[in-house]
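Here is a short walk through one protein model, written for someone meeting it for the first time. Have the sequence and the 3D view open side by side as you read.

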Amino acid sequence: MNILDYLATEFAAFDEKPFNPVDSAALSQFCMVRMEDIAPMKRAWSEPPSLRAAVVDRLHPVRPVRFTDALRAELYDSLFTGLVPGPVKNNMLALAASPRFRNMTVQDCASVFDEAAQTQFAAMTFVYGREFAYVGFRGTDRSFTGWRENFNMTYQAPVPAQDLAVRYLEAVAPRLPRRLFVGGHSKGGNLAEYAALHATPKVQERIERIYDHDGPGFRAGAVDDRAFSVIRDRVHKTVPQECVVGMLLETPGELPLHVVRSADHGMMQHSVLNWEVKGTDFVYADQLADSALSTHAIMEQWLAGFSPEKTRQVVEAAFKAIEASSALDAADILMGGVKSITLLVEAAKALDQANRDILVNALGTLTNLIAHDAARGVAGWLAPKTKNAS
């Protein structure tokens with residue numbers, strides 16, 4: 001089974017079977033539906049609250065909608081975002097048809113996209129009567145801006161989307177049922193953790209669970225372990241066996257990872273819609289694949305060789321190269337696995353000498369680390385086996 005099978009067969013209400021990680025993953029994918037024009041958030045949430053804004057908000061409330069309200073065929077060309085929009089549509093249709101979710105409402109859909117500020121942020125809130133609410137954060141789209149903000153996390157803390165996540169949670173929480181769940185997939189998972197970590201104690205104590213579905217970690221030193229300990233036991237972080245994204249940067253507070261089996265391989269394991277489901281939970285594996293551990297070690301070693309300023313220069317050079325290439329969006333180049341290095345080197349030819357040298361030298365270091373890791377793997381395979389190892 002996968003999430004779509006779960007939505008098609010699980011009919012129990014939430015008072016019969018409590019909210020679970022699969023429910024969270026399904027809603028995290030609905031966050032990739034552009035609902036900003038269907039259930040917009042009109043309050044001035046991205047700025048410090050004012051009395052005037054509060055009065056206007058009370059006089060002109062925005063009506064919550066249901067999943068069926070998203071079924072507007074005339075909007076389908078622009079309704080879906082994400083790396084692979086097709087499955088997002090299938091997930092939306094399954095939620096709309098599900099007896100478990102059909103009485104849930106969607107509200108306060110907010111979005112900020114600012115190329116100049118390198119910001120891509122979106123969030124929405126799902127409410128189940130007076131019982132509970134799920135505050136969901138959108139992952140990365142295919143835009144250059146969205147991917148640039150992701151890479152900015154390697155040297156900048158916080159990035160604008162993280163600040164906006166905190167403001168959004170604080171703005172919606174007072175109007176929601178007391179029981180709160182917070183979550184997201186990919187970058188959305190990172191934003192969910194960050195928002196919960198930096199929320200006021202009054203909001204923080206209401207959060208029952210924070211779901212991080214294969215979200216990247218945080219830059220070294222960006223999260224205080226003592227502060228994180230307040231929410232640590234409420235964070236449920238799921239990653240696929242061949243995890244790449246969820247192992248990037250640092251996972252704070254020695255947070256345990258729940259490793260999920262996937263029906264696909266490589267980067268396609270990043271999609272939660274490929275994760276295996278049994279009953280009301282995912283199917284978990286004993287450990288990460290060797291490839292995931294190897295990739296994490298390589299990236300950790302590579303990033304450790306740069307200062308924050310040098311990392312900024314590498315990221316800027318990389319995105320200048322991507323934007324100068326023939327790629328339609330950042331994902332065309334950055335989702336290519338090891339091939340991405342070759343594509344970036346080719347794209348670097350369009351840069352001035354200084355930026356070209358910065359990018360090619362950094363990619364050369366990464367290539368050497370990958371080659372060294374591969375050589376160690378071959379050496380280990382060729383080494384004679386001892387009796388104890390046989």
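What follows goes through aromatic rings, salt bridges, a charged patch and a few backbone oddities.

One thing to keep in mind from the start: this is a predicted model.

**Aromatic rings**

Let's begin with the rings. The count comes to 21 aromatic pairs. Take F19 and Y134, for example: their ring centres sit 5.5 Å apart with 40° between the planes, and the pair is tilted. This pair links distant parts of the chain, since F19 is in the loop between α1 (3–9) and α2 (21–30) while Y134 belongs to strand β4 (residues 132–137), 115 residues apart. Are these two buried or exposed? F19 has 9% relative accessibility, so F19 counts as buried. Y134 is buried too, with a relative accessible area of 0%.

Now look at F30 and F67. Here the ring centres are 4.8 Å apart and the planes stand at 85°, so this pair is edge-to-face. Again distant parts of the chain are linked: F30 is in helix α2, and F67 is in the loop between β1 (65–66) and α4 (76–79), 37 residues apart. Both F30 and F67 are buried.

These two pairs also belong to a wider group. One aromatic cluster takes in F14, F19, F30, F67, F101, F126, Y128, F132, Y134, F181 and Y211.

**Salt bridges**

On to the charges. How many salt bridges does the structure hold? There are 12 salt bridges. Here are three of them, with the distance between nitrogen and oxygen.

| Salt bridge | N to O distance |
|---|---|
| E316 and R148 | 3.9 Å |
| E208 and R179 | 2.6 Å |
| K237 and D212 | 3.9 Å |

Start with E316 and R148, which form a salt bridge. E316 is in helix α12 (residues 308–324) and R148 in helix α6, so to speak of distant parts of the chain is fair: the two are 168 residues apart. At 26% relative accessibility, E316 counts as partly exposed, whereas R148 is buried, with a relative accessible area of 10%.

E208 and R179 are another pair whose side chains meet in a salt bridge. E208 lies in strand β6 and R179 in strand β5 (residues 179–185), so this bridge ties together parts that are 29 residues apart in sequence. Partly exposed is the word for E208, at a relative accessible area of 33%, and R179 is partly exposed as well, at 32%.

The third bridge pairs K237 with D212. K237 sits in strand β7 (residues 235–240) and D212 in strand β6, and these distant parts of the chain are 25 residues apart. Where do the two stand on the buried or exposed scale? K237 has 0% relative accessibility and counts as buried. D212 counts as buried too, at 0% relative accessibility.

Some bridges also share partners: in this way R148, E309, R312 and E316 are joined into one network.

**A negative patch**

Which residues form the negative surface patch? The patch is made of D224, D225, E250, E254 and E300. To find D224, look in the loop between β6 (207–213) and α10 (225–228). D224 has a relative accessible area of 47%, so D224 is partly exposed.

**A contact across the sequence**

Next, try picking out A297 in helix α11 (residues 290–304). A297 counts as partly exposed, at 37% relative accessibility. A297 and M247 are 50 residues apart in sequence, yet in space their C-alpha atoms are 9.4 Å apart.

**Backbone oddities**

Last comes the backbone. As background, most peptide bonds are trans, and most residues other than glycine have a negative phi.

Which two residues does a cis peptide bond join? They are A157 and P158, with omega at about -5°. You can find P158 in the loop between α6 (144–152) and α7 (160–172).

Then there is D108, which is not a glycine although its phi is positive, at about 50°. D108 is found in strand β2 (residues 105–114). The relative accessible area of D108 is 5%, so this residue is buried.

D214 is also a residue other than glycine with a positive phi, near 55°. Look for D214 in the loop between β6 and α10. D214 counts as buried, at 1% relative accessibility.

Note on methods:
Residues numbered from 1 in each chain as written. Predicted model: local features only at pLDDT ≥ 70, side-chain atom pairs only at ≥ 80, totals over all residues. Heavy atoms only, no water. Phe/Tyr/Trp six-rings, centres within 6.5 Å; stacked < 30°, edge-to-face > 60°. Helix = DSSP H or I, 4+ residues; strand = E, 2+ residues; numbered from the N terminus. Buried < 20%, exposed > 50% of the residue type's maximum accessible area, 1.4 Å probe, protein only. Patch = residues over 30% accessible without salt bridge, like charges linked within 9 Å, V, L, I, M, F, W, Y side chains within 5 Å. Areas by Shrake-Rupley, 256 points an atom, 1.4 Å probe, with all protein chains shown as cover. Salt bridge = Lys/Arg side-chain N within 4 Å of Asp/Glu carboxyl O. Lys, Arg positive; Asp, Glu negative; His and termini not counted. Charge placed at Lys NZ, Arg CZ, Asp CG, Glu CD.
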